[in-house]
Amino acid sequence: RACVALGGTKLLQHSAGTQPRSQQPPGGGAVGVVLRTGFHSSQGKLMRTILFATERVNGSDRETLLFILFLLAFAIAAAGHVLSVGLADPARSRYKLTPAPP
């Protein structure tokens, strides 16, 4: 705990501490303690925005309902077009044009 290294710092040299051999990290590494997270960097600000966003999406808005109805109208129009083109083709199977029961 004598030295503090900031995030992104590359350690060039370290020495083993006074711990017993059984408590030393494998590979001759060094034990580090996180004092604070990097929320003050640009990537940390982005993570903080993602993790702690206060604005939630809800489905009770009138605008959301209108958008869903708009998509439904296009889906019905597309299904009608596929049905009309399929019924006009005598070689096409009528069974494949109707939804199959579950």
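Biologist: Leaving aside neighbours within four places in sequence, which residues is Arg92 in contact with?
Modeller: Gly86 and Leu97, once those sequence neighbours are set aside. Keep in mind that this is a predicted model.

Biologist: And where does Arg92 lie?
Modeller: Arg92 is in the segment after α2, the helix that covers 62-88.

Biologist: Is Arg92 buried, partly exposed or exposed?
Modeller: Arg92 counts as partly exposed, because its relative accessibility is 38% and that class runs between 20% and 50%.

Biologist: How many salt bridges does a search of the whole structure find?
Modeller: One. The side chains of Asp89 and Arg92 meet in it, at 4.0 Å from N to O.

Biologist: What about Asp89, buried or partly exposed?
Modeller: Asp89 is partly exposed, with a relative accessible area of 30%.

Biologist: OK, switching to rings. How many aromatic pairs does the structure hold?
Modeller: Just one aromatic pair. Phe70 and Phe74 form it, and the geometry is edge-to-face, with 4.9 Å centre to centre and 75 degrees between the planes.

Biologist: Why does that angle count as edge-to-face?
Modeller: Because planes over 60 degrees apart get that label, and the Phe70 and Phe74 planes are at 75 degrees.

Biologist: Where do Phe70 and Phe74 lie?
Modeller: Both sit in helix α2, four residues apart, which is about one turn of the helix.

Biologist: Are those two rings' residues exposed or partly exposed?
Modeller: One of each. Phe70 is partly exposed at 48% relative accessibility, while Phe74 is exposed, with a relative accessible area of 53%. The labels differ because exposed means over 50%.

Biologist: Now the surface. Which residues make the nonpolar surface patch?
Modeller: Leu46, Met47, Ile50, Leu51 and Phe52 make a nonpolar patch of about 530 Å².

Biologist: Where is Ile50 found, and is Ile50 buried or exposed?
Modeller: Ile50 is in helix α1, residues 42-51. Ile50 counts as exposed, at 55% relative accessibility.

Biologist: Zooming out, how many helices and strands are in the protein chain?
Modeller: Two helices and zero strands.

Biologist: What share of the residues is buried?
Modeller: Buried residues make up 3% of the 102 residues in the protein chain.

Biologist: And how much area does the protein chain expose?
Modeller: About 10000 Å², with carbon and sulfur atoms supplying 63% of that area.

Terms used: Residues are numbered from 1 along each chain as its sequence is written. This is a predicted model: local features need pLDDT of at least 70, side-chain atom pairs count only at pLDDT 80 or more; totals for chains, interfaces and linings use all residues. Side-chain values use heavy atoms; hydrogens and water are left out. Buried means under 20% relative accessible area, exposed over 50%, partly exposed in between (1.4 Å probe, protein chains only). Contact means heavy atoms within 4.5 Å. Rings of Phe, Tyr and Trp (its six-membered ring) pair if their centres lie within 6.5 Å; planes under 30 degrees apart count as stacked, over 60 as edge-to-face and the rest as tilted. Accessible areas come from the Shrake-Rupley method with a 1.4 Å probe; for residues, only the protein chains shown count as cover. Patches are made of residues with over 30% relative accessible area and no salt bridge: like charges are joined within 9 Å, nonpolar side chains (Val, Leu, Ile, Met, Phe, Trp, Tyr) within 5 Å.
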